[in-house]
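Here are my notes after going through the model you sent. I've kept them as numbered points, so you can follow along with the structure open.

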Amino acid sequence: MEGTMLTTGEFSGFETVRYEGPQSETALAYRWYDAGRVVMGRPLGEHLRFAVAYWHSFVMNGADPFGAPTIRRGWMAEGDAMTMARAKADAAFEFFRILDVPFFCFHDRDVVAEDDSLAGTLRRLEEMTAYLGRKMESSRTKLLWGTANLFSHPRFMAGAATNPDPEVFAWSAATVKACMDATQALGGANYVLWGGREGYETLLNTDMGRELEQMGRFLSLVVEYKHRIGFTGQILIEPKPKEPTAHQYDFDAATVYGFLRRFGLEGEVKLNLEANHALLAGHSFEHEIATAGALGILGSLDVNRGDPLLGWDTDQFPNNLHDMTLAMIEVIRAGGLGMGGMNFDARIRRQSIDLDDLVAAHVGAMDLCARAFLIAAQIVEDGRLDAFRTARYAGWERPEAQAMLGAGASLEAIAADALSRDVDPRPRSGGQEKIENMLARFF
């Protein structure tokens, strides 16, 4: 069966989704996502760089801790692992065609199931990499990023790079090397590391200092290998504060930046930020994007939402236009996503079991993000938002204010000058309500 183009035929009744404009009444049509529309000097599709998540769309089956799977697809049936992996790939690329989406993302375990040995597992991945490459030859969809699943198997219950067992470190190194090779072979623009279990449940049995050193060395090895093989894409870390572990070392953007600085990797590694992970860390999505932008490490986005009533990683498709617009403003302020993109790390709900639910979820999310970006671009181009901010910090533009931040300044000199001028600063309004009222008029 090797190389045979299999198909489950489940998407055969769907036409490619087209842009029809805001007045369209077609259920599966884009009303706002016009990929070729030029916005701020570039096509909208180049700003957004949408991607489908292989795992949520083609692996998740609706199971949760309290119930059995509810979603059944032809490619999820029992059968030979390689045969079913090819069937899944066939379905995936048909789905990419229906959405006319430019990118996809994957974990190694999404692409094909493990074999009984490390060598056999890596052979399966190599074979499926070649198959995906052939699928991509006749598709417009490219690879945004690849990654390794170093969290699902029981061997990773105490972490991958941070595991107390060095054999797990070695297994993980071999797996990441293979996944980086696959990503490069498929022309991926990025490689992502998500430390799903790089953390701890209790300090009683944890040597945190040792684990952080292991994690730093592992990341350094990844960066060194990137340069050795000539991979021109970005290496990305995806922060998350908790779940499945109680305390994860890559808590949020600021924490990861400190980690990168410690190991001298801040110029080598950027961030893949997820909206739901920001919520779990007690932040907003725009906060995390702004933090990464300010630190020069914004790489890519996983666009989804969480449910604040549940408090766990629900990975729902985005549907809040206001919140997404605030996030898009920060993307624009940061100079865009460059080689990154907007991956829908989101899954349809357990009760949404039909194929058109899967299509509709992506169409709605792409439209929402496109509309949010268009509004954000209008707000930025309007100039009043930046004018508010510029006026608020205008005092810092004076030479004497700039001098306080200069290398020749001292605490004693600043204190003496403040005393000599009898400094008596008075509170000034931040005008928050005025700004919020102004932004509301763009919706």
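1. Start with Gly196, which sits in the loop between strand S6 (190-193) and strand S7 (199-200). This is a predicted model, by the way, so read everything here in that light. Is Gly196 buried or exposed? Its relative accessibility comes out at 1%, so Gly196 counts as buried. Leaving out residues up to four places away in sequence, Gly196 touches Phe151, Pro244, Thr245 and Gln248. As for Pro164, the C-alpha atoms of Gly196 and Pro164 are 16 Å apart, with the two positions 32 residues apart in sequence.

2. Next, Thr162, in the loop between S5 and H6. With a relative accessible area of 0%, Thr162 is buried, the cut-off being under 20%. Which side chain does the side chain of Thr162 make a polar contact with? The partner is Glu198, and the polar contact between the two side chains is 2.6 Å. Glu198 also turns up among the residues that Thr162 touches, once those up to four places away in sequence are set aside; the others are Arg197, Gly199, Glu211, Gln214, Met215 and Tyr249.

3. Staying with that loop, have a look at Asn149, which lies between strand S5 (142-147) and helix H6 (166-185). Asn149 has a relative accessible area of 10% and is therefore buried. Its side chain makes a polar contact of 2.9 Å with the side chain of Ser152. Beyond four places in sequence, Asn149 touches His107, Asp108, Arg109 and Phe156. His107 ties this point to the next ones, as strand S4 covers residues 103-107.

4. Now the sheet. How many strands make up the closed barrel? There are 8, in the order S3-S4-S5-S6-S8-S10-S11-S12, and the pairing is parallel. On average, neighbouring strands of this sheet are turned by 30° against each other, ignoring direction.

5. For one pair in that barrel, take strand S3 (residues 50-53) and S4: they run parallel and are joined by 3 bridges. If you want a register check here, Val52 stands opposite Phe104 in S4.

6. S10 (residues 269-274) deserves a closer look. Why call S10 largely enclosed by the rest of the structure? Because 5 of its 6 residues are buried. On one side of the pairing, strand S8 (residues 234-237) runs parallel to S10, with 3 bridges between them, and Leu236 faces Lys270 of S10. S10 also pairs with strand S11 (residues 298-302), again in the parallel sense, over 4 bridges. In that second pairing, Glu274 stands opposite Asp302 in S11. I'd view both pairings together, as S8, S10 and S11 follow one another in the barrel order.

7. Moving on from the strands, Ala281 is in the loop between helix H9 (275-280) and H10. Ala281 has a relative accessibility of 14%, so this residue counts as buried. Not counting neighbours within four places in sequence, Ala281 is in contact with Pro241, Phe251 and Asp252. The C-alpha atoms of Ala281 and His247 are separated by 11 Å, and the two residues are 34 apart along the chain.

8. Then the helix pair. At what angle do helix H10 (residues 285-295) and helix H11 (residues 321-333) pack? The angle is about 5°, and the axes are 8 Å apart. That is under 35 degrees, so H10 and H11 are roughly parallel to each other. H10 contributes Phe285, Glu286, Ile289 and Ala290 to the contact, while H11 brings in Asp323, Leu326, Ala327, Glu330 and Val331. By class, this contact has 6 nonpolar and 3 charged residues, and no polar ones.

9. Last, Gln378, which belongs to helix H12 (residues 355-382). Its relative accessibility is 42%, so Gln378 counts as partly exposed. What separates the C-alpha atoms of Gln378 and Val39 in space? The separation is 9.4 Å, although the two residues are 339 apart along the chain.

Definitions and conventions:
Residues are numbered from 1 along each chain as its sequence is written. This is a predicted model: local features need pLDDT of at least 70, side-chain atom pairs count only at pLDDT 80 or more; totals for chains, interfaces and linings use all residues. Side-chain values use heavy atoms; hydrogens and water are left out. Buried means under 20% relative accessible area, exposed over 50%, partly exposed in between (1.4 Å probe, protein chains only). Helices (H or I, at least four residues) and strands (E, at least two) are DSSP runs, numbered from the N terminus. Two strands pair if DSSP finds at least two bridges between them. Axes are lines fitted to C-alpha atoms, for helices over the stretch in contact, and angles run from 0 to 180 degrees between N-to-C directions. Angles under 35 degrees count as roughly parallel, over 145 as roughly antiparallel, 65 to 115 as roughly perpendicular and the rest as oblique. Contact means heavy atoms within 4.5 Å. Ala, Val, Leu, Ile, Met, Phe, Trp, Tyr, Cys and Pro count as nonpolar, Asp, Glu, Lys and Arg as charged, and the others, Gly among them, as polar. A polar contact is a pair of N or O atoms within 3.5 Å; within protein, one must be able to donate a hydrogen and the other to accept it, and residues adjacent in sequence count only if both atoms are side-chain atoms.
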